[in-house]
Amino acid sequence: MQNNIVEYFSGHEGYKCGYCKSTDTNFSHGMWAHSITPSEYESMLNRGWRRSGKYLYKPSNHLTCCPSYTINCHVLDFHISKSQRKVLRKFSDHLLIGNNKVQKVLEDTHKSDASDRNMIEVVNYQEGIASATDMVMCKSAQEVSQQRISIGKIKRDIQLNSKSDEIKPKTSDSPKRRKSESFFPESTDTNTSTGSTLQTKLEGAKSKGQKAKQIRIERKRQKLISQGLNPDEVLARNKKYCPKAKEIEEFLAEDSNAKLKLKIRMVKIGTQEFESTFALEHSLYEKYQMKIHDDDLSECTPKKFKRFLCDNPINEVSGDDLGCYHQQYFLDDQLIAVGVVDILPTCLSSVYFFYDPVFMDLTLGTFGALREIAFVRQRAKVHPDFKFYYMGFYIHSCMKMRYKGHFTPSYLLCPETYKWKLLEDELREKLNQTKYMPFYTPANTPRRQENIDKVNILYRRNIMPYAIYELQRSKDDTKEIQEYCNLVGEGIANALCLYRSLN
């Protein structure tokens, strides 16, 4: 108990929002955690809290401008998406070809199609509080452009450039059929009606915003019908014998022919290994904050870096490896990215991610998240209960923060009942209509008042239950302690030790 000391701040004034940029509409509760065990911090995650350094905060979702829902991914059931596979292939291409050649192709593609720079990829996928004293939210993630580059295109460009200074333009008389035309032959008099009907269906599907996959399935069904086959039977048979989808580990397998080698080191904060790389990390952090977030040099000092991403309240527990780590990504001997994570009893909690802006086109934010998912899956083989990946807050009202919901299956924490709800299209549609909503109870339902009698209080250097503290205190702070207990929950309040001053 004496290792779990927190100090609750009851102040609840609005401050600037890092997402919608409003000046005074962001509301949250906060506390300073002097020390806390990994299990108790994980319990607080499951009550909607997060940390930035040693400062813990919980958004007041019923008041704040941009409601924030705790999100976690069940990684043992994780399904990698097409866009995520592209990110991993793009990184593998970079390793295979080597830095100089890839960089040249990147520069060429930027010159030829600058409009792709407007594509948004959120790489800074965690929120933070810069100072417990000021309680000011750190700057939100900014938009970083991306380019998707296939290995085939890279090899082709390199080969062509080595043979000739000029590349002959392609003729427009290519005999190859476009993908969108591949299911059907040219229309004839005998199937004009079918083709017209299909075209009407496809146009209707597109107007309703259906996905391309649904359109392809409809085309396939029409083709089978035109051949006199039962589409349901054929599609069911094909599905039965289709090969199993690749797992994320297969996309991360190392290629022995790669010219660059990726090394990932998990370094625990406070160790000699961490101290030896502190200056290297700070230099990378400085470049990232100034380039991506437009921070001034004065905002990226070693002291502020340490307070934000190195200081933490999580106590070491003898005999285990839980705690705060920096996951360092090296390309050969060059540090290109760092993921700050907390290893807790059943989950990996992602705190922050920063990288070298030179490699922004490699979509390192998503790459880092996929690597962290792979880490959880690997660790789960030894620790079966370790199977969740916490990604901070999901903010549906902020478009650039919705990417967190693309790691499926993901669940959102109900801010009222603290039960998990699967994030799927039905829930997304509800959030489109209502910015803030409890998932299992009507809005504005009165909250349960927790019993505060057994809340542990640290007062005058003595630990005592609230019932005894009530007799010794110099002021009536019952309302504040009740608020604290309601926010953290009775069980956690009884395990933590709430510091109270004499004034």
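**View 1. V6 stands opposite L498 in strand 17.** This is a predicted model, and we start inside one of its sheets. V6 belongs to a stretch, strand 1 (residues 5–9), that is joined to strand 17 by 2 bridges, and the two run parallel. Now look at L498 from the other side: it is also the bridge partner of I457. That contact ties in strand 15 (residues 456–459), which runs parallel to strand 17 (residues 497–499) and is joined to it by 2 bridges. Strand 1 has another partner too, strand 2, and here the pair runs antiparallel with 5 bridges. One of the matched pairs to look for is I5 with S35 in strand 2. As a bit of background, strands of a sheet pair through backbone hydrogen bonds, either parallel or antiparallel.

**View 2. Zooming out a little shows an open sheet of 7 strands.** In what order do the strands sit? Reading across, it goes 3-4-2-1-17-15-16, and the pairing is mixed. Strand 3 (50–52) and strand 16 (462–465) are the edge strands; each has a single partner, so one side of each is left without a neighbour in the sheet. From one strand to the next, the twist averages 35°. Lying across strand 2 (28–35), strand 3 and strand 4 (55–59) is helix 1 (residues 38–45), which runs at about 115° to strand 3.

**View 3. Another open sheet has 8 strands, again with mixed pairing.** Follow the order 8-9-10-11-12-5-13-14 across it. Which strands are at the edges? They are strand 8 (262–268) and strand 14, each pairing on one side only. Ignoring direction, neighbouring strands here are turned by 30° against each other on average. Within the sheet, strand 11 (residues 347–355) pairs with strand 12 in the parallel sense over 3 bridges. To find that pairing, pick out S349 and its bridge partner in strand 12, Y390.

**View 4. Helix 2 and helix 11 pack on the 8-strand sheet.** Helix 2 (residues 82–97) touches strand 8, strand 9 (323–331) and strand 10 (334–343), and its direction makes about 50° with that of strand 9. Helix 11 (residues 364–379) touches strand 8, strand 9, strand 10, strand 11 and strand 12. The direction of helix 11 makes about 150° with that of strand 11.

**View 5. The largest nonpolar core contains 72 residues.** Which of them touch the most other members? Look for F91, Y352, F354, L364, Y389, F407 and L412. There is also a second, separate core of 31 residues, and its members include Y8, F388, I457 and L498. You have already met I457 and L498 as bridge partners. In soluble globular proteins, nonpolar side chains tend to be buried together.

**View 6. Here are some cysteines, but the whole structure has 0 disulfides.** A disulfide is a covalent bond between the sulfur atoms of two cysteines. Why is C17 not in one? Its sulfur is 3.6 Å from the closest cysteine sulfur, the one in C65, and that is too far for a bond, because the cut-off is within 2.5 Å. C324 is in no disulfide either: the nearest cysteine sulfur, in C310, is 7.9 Å away. Are these two cysteines buried or exposed? C17 counts as buried at 1% relative accessibility, and C324 is buried as well, with a relative accessible area of 3%.

**View 7. Some spots in the backbone have less usual geometry.** Most residues other than glycine have a negative phi, and most peptide bonds are trans. Now check K21, which is not a glycine and yet has a positive phi of about 70°. K21 sits in the loop between strand 1 and strand 2 and is partly exposed, with a relative accessible area of 47%. Y418 isn't a glycine either, and its phi is positive at about 60°. You'll find Y418 in the loop between strand 13 and strand 14 (420–422), where it counts as buried at 17% relative accessibility. Finally, a cis peptide bond joins T408 and P409, with omega about 0°. P409 lies in the loop between strand 12 (388–394) and strand 13 (410–413).

Technical notes. Residues numbered from 1 in each chain as written. Predicted model: local features only at pLDDT ≥ 70, side-chain atom pairs only at ≥ 80, totals over all residues. Heavy atoms only, no water. Buried < 20%, exposed > 50% of the residue type's maximum accessible area, 1.4 Å probe, protein only. Core = buried A, V, L, I, M, F, W, Y, C linked by side-chain atoms within 4.5 Å. Pairing = 2+ DSSP bridges. Helix = DSSP H or I, 4+ residues; strand = E, 2+ residues; numbered from the N terminus. Axes fitted to C-alpha atoms, helices over the stretch in contact; angles between N-to-C directions. Contact = heavy atoms within 4.5 Å.
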